[in-house]
Amino acid sequence: MDQNVEEIQQNLLKFGCCRVCAVRHLTKPSAINVKTLISASEQDHDEPKRLKENPCIACLGLFQNPQKDDIINKIISYLKTSKYDSDTFNLAFNLPMCTIIRGHSIALYVSKLRITFNPTFPTAFVCAKDAWKLMAEDAIVKATGKRFDVHSPLLVTVGFHYKDIKDECDCLNAIIKLSNKNLQNILSQMDNKDFVSQYGEMPSVPESVIEFKSVDARHESVYIAGRYNKWSRTLSQTPWIVDQERRLESSVEEIISDPIKKRALADEFKFSASGREDIDVRMLGRGRPFAIELVNPKQTKFSYEVLREIENEINTDPQVTVTHLQNVVREQLKELKSGEEFKIKVYKALCYVEGELPDLEKLNNCAPLEILQYTPIRVLHRRANMVRPRTIHSMKAVATKVGIDNGCSFFNVILSTQAGTYVKEFVHGDFGRTNPCLRTVFENDTVDILALDVLDIEIDWPTPVKY
């Protein structure tokens, strides 16, 4: 320790620093110890008469009692009542920028007096945020049982207000443009003489104390994935709302999300899937991969047993079945999104034609088939008019029954296609906007589609759950 550290500390106390700030301005960040800060705070607590004279010139009263304990207790109370189940937490403090300026001023003063340091550069010291976090973390851990972790998904943010901030910053705003984002860099590059000429040798004694403004928390998003089957031909994938008017009572998204919402207590839910089927199209086979992002969830622990309970609750609705519900991480969603464009999808289309059944072998022998599809007329109101090349990888047509019924013959077509293919339009041609199509293959303009089912989406995601 420098031979004059004790003397400098006494000077800082005389100027109006609290003991915590006097200690942290004489301690390197690498050497700080929470016990040292707490000891200094306790010494301050034993000198209430001196502390009542003014708020600390460095922290504006942040480390002084009863202000310090009141703020910590508010943070603890918030965490205990906010229902976040995270075992860990991290802290962020939004302190007024004038605390940074005051800290820089004191650092310049200390540098001039410390004989083992270069007086032209501010001495490295423990900033107010770091010191406050150290002291607050210790108390919060003891009171809540949560463990502090800088990588915690739960970030607790504490905001403060200081009513004289404008007056304090105006003196420097005359020569530099201040903002919280660049203040530290500006001060480090600023000529010390210019700083002192505008700000003074030491911070002035504050007339008001820093005030607690708010405490809030935010948990990183949690992701749940699975596969769903849709058995209904009158159910949309997402809520169908036109001109603020709901057209259908429910949707696949809502049926799946509602039981999760009740458990997660999240601010928002974002549903995504590997493509989508029309309202009148069923999703059969292994089901369609999907994921739900839980934004700022309070309850985040979804065990195997809890996920099976959620599945069972969802599956009480006869329109939708969910399987393989599981926790995933954000990076895993890339495969879900890539499946929308590049994976093969298998369909079964129930088709008909007027009169006799055509030669189905024409269809069976023409794949793979390259087609061009202009944006279908039925979706032109919401999608750009453009041409999309698509590949039909395989086709197999089978008559559903022999003979003619009501003047028509019926057949099923099993086809595998590139993702993004409009299968209905591939059947009837959409007034020539899809070419070739079944009508051109059979050379029959009466070919049309009655019903469509998705049989498979060839993406092995998410990983199957072992039931």
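## A walk through the chain

Welcome! Begin with the whole chain in cartoon view: its secondary structure comes to 16 helices and 16 strands. What you see is a predicted model. The chain has a radius of gyration of 34 Å, well over the 23 Å that the globule rule gives for 467 residues, so it is more spread out than a compact globule. Turn the view around and picture a box around the C-alpha atoms: along the principal axes, they fill roughly 105 × 45 × 40 Å.

Next, switch on the surface. About 23,500 Å² of the chain is exposed, and carbon and sulfur atoms supply 51% of that area. As for what lies beneath, 49% of the 467 residues count as buried.

Now select the charged side chains and colour them by sign. You will find 61 positive and 63 negative ones. How far apart do the centres of the two sets lie? The distance between them is 2 Å.

Time to zoom in. Select residues 344-354, which form strand β11, together with residues 408-418, strand β14. These two strands pair in the antiparallel sense over eleven bridges. Click on Cys351 and look across to β14: Phe411 stands opposite.

Keep β11 selected and add residues 448-457, which make up strand β16. Here β11 and β16 run antiparallel, joined by eight bridges. Which residue in β16 is the bridge partner of Tyr347? Select Val454 to see that partner.

Finally, zoom back out and think about contacts along the chain. Counting contacts with a separation of 6 or more, 79% come from residues 24 or more positions apart.

Conventions: Residues numbered from 1 in each chain as written. Predicted model: local features only at pLDDT ≥ 70, side-chain atom pairs only at ≥ 80, totals over all residues. Heavy atoms only, no water. Helix = DSSP H or I, 4+ residues; strand = E, 2+ residues; numbered from the N terminus. Rg over C-alpha atoms; globule rule 2.2 N^0.38 Å. Buried < 20%, exposed > 50% of the residue type's maximum accessible area, 1.4 Å probe, protein only. Contact = heavy atoms within 4.5 Å. Areas by Shrake-Rupley, 256 points an atom, 1.4 Å probe, with all protein chains shown as cover. Lys, Arg positive; Asp, Glu negative; His and termini not counted. Charge placed at Lys NZ, Arg CZ, Asp CG, Glu CD. Pairing = 2+ DSSP bridges.
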